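Reader: I should like to learn how to read the general features of a protein model. May we go through them one at a time?

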Amino acid sequence: MSEALLEVRGLEVDFATQHGLLQAVRGLDFALAEGEVLGVVGESGSGKSVTAHTLLGLLPGNGRVTGGRILYRGDDVLAMPQQRLRSYRGGEVSIIFQEPGRSFDPIYTIGRALEETLLIHRPQLSRQQIRERSLELLREAHVPRPEERLDNFPHQFSGGLLQRVMIALALASDPRVLIADEPTTALDVTIQAQILDLMLELKDKRNLAILFISHNLALVAGIAD
């Protein structure tokens with residue numbers, strides 16, 4: 001195996017609640033290499049999504065890392081200054097969520113969402129370049145009629161198509177690592193298979209490392225290395 005891109009050593013995460021301290025993650029270890037798909041499997045409430053959010057520094061105010069290390073290419077993510085953390089989060093490690101509908105503002109078009117994401121990571125792009133890049137990303141995610149879809153709103157997409165747009169958004173910054181947090185749970189079986197095929201296609205095309213989180217062991221067995 002090649003050297004790890006993302007490595008977690010002894011991760012421990014706690015939450016302060018009105019009922020006391022909640023131990024959400026205990027002693028988690030894994031290493032994710034370039035071009036590899038690593039499955040993280042567990043039942044609801046086992047700390048899978050908490051782990052994903054911790055990797056990106058997205059814990060809520062009552063959550064904190066109480067032990068362990070997160071290393072990205074040898075850099076300590078937990079010690080990163082804010083400016084470096086912003087370039088790491090989304091720029092080098094991206095995430096797609098279980099319910100993509102919650103990730104979009106209903107009053108903005110899909111084109112607007114892509115434009116804002118691209119401007120964060122590539123502020124030098126012109127408006128025309130942003131449109132061209134947005135179309136490229138939608139085509140790469142196999143969204144049909146991308147020229148028309150750029151002007152559509154989230155409610156005009158099916159769940160499967162919206163998940164494809166979410167994948168396009170996650171890839172906008174050309175990340176090296178993609179965290180997929182239960183990305184197919186809200187979809188029917190046929191669409192699930194299409195999304196999994198798309199992710200594997202993108203992995204091979206971009207040499208992506210994918211951390212695939214699920215409660216479905218059979219599903220993970222079909223995609224993970």
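Author: Let us begin with secondary structure. In this predicted model, the chain contains 8 helices and 8 strands.

Reader: How does the radius of gyration of the chain stand against the globule rule?

Author: The rule gives 17 Å for 225 residues, and the radius of gyration here is 18 Å, close to that value, so the chain is as compact as a globular protein of that length. The C-alpha trace spans about 50 × 45 × 40 Å along its principal axes.

Reader: What percentage of the residues in the chain is buried?

Author: A residue is called buried when its relative accessible area is under 20%. Buried residues account for 48% of the 225 residues in this chain. The chain exposes about 11000 Å², of which carbon and sulfur atoms supply 50%.

Reader: What do contacts say about separation in sequence?

Author: Here one takes contacts between residues at least 6 apart in sequence; in this chain, 70% of them join residues at least 24 apart.

Reader: Where is Asn 62 placed, and is Asn 62 buried, partly exposed or exposed?

Author: Asn 62 lies in the loop that runs between helix 1 (48-55) and strand 4 (63-72). Partly exposed covers the range between under 20% and over 50%, and Asn 62 counts as partly exposed because its relative accessibility is 36%.

Reader: Which residues does Asn 62 contact, apart from its neighbours within four places in sequence?

Author: Those residues are Asp 14, Phe 15 and Ala 16. As for Phe 30, which is 32 residues from Asn 62 along the chain, the C-alpha atoms of the two are separated by 25 Å.

Definitions and conventions:
Residues numbered from 1 in each chain as written. Predicted model: local features only at pLDDT ≥ 70, side-chain atom pairs only at ≥ 80, totals over all residues. Heavy atoms only, no water. Helix = DSSP H or I, 4+ residues; strand = E, 2+ residues; numbered from the N terminus. Rg over C-alpha atoms; globule rule 2.2 N^0.38 Å. Buried < 20%, exposed > 50% of the residue type's maximum accessible area, 1.4 Å probe, protein only. Contact = heavy atoms within 4.5 Å. Areas by Shrake-Rupley, 256 points an atom, 1.4 Å probe, with all protein chains shown as cover.
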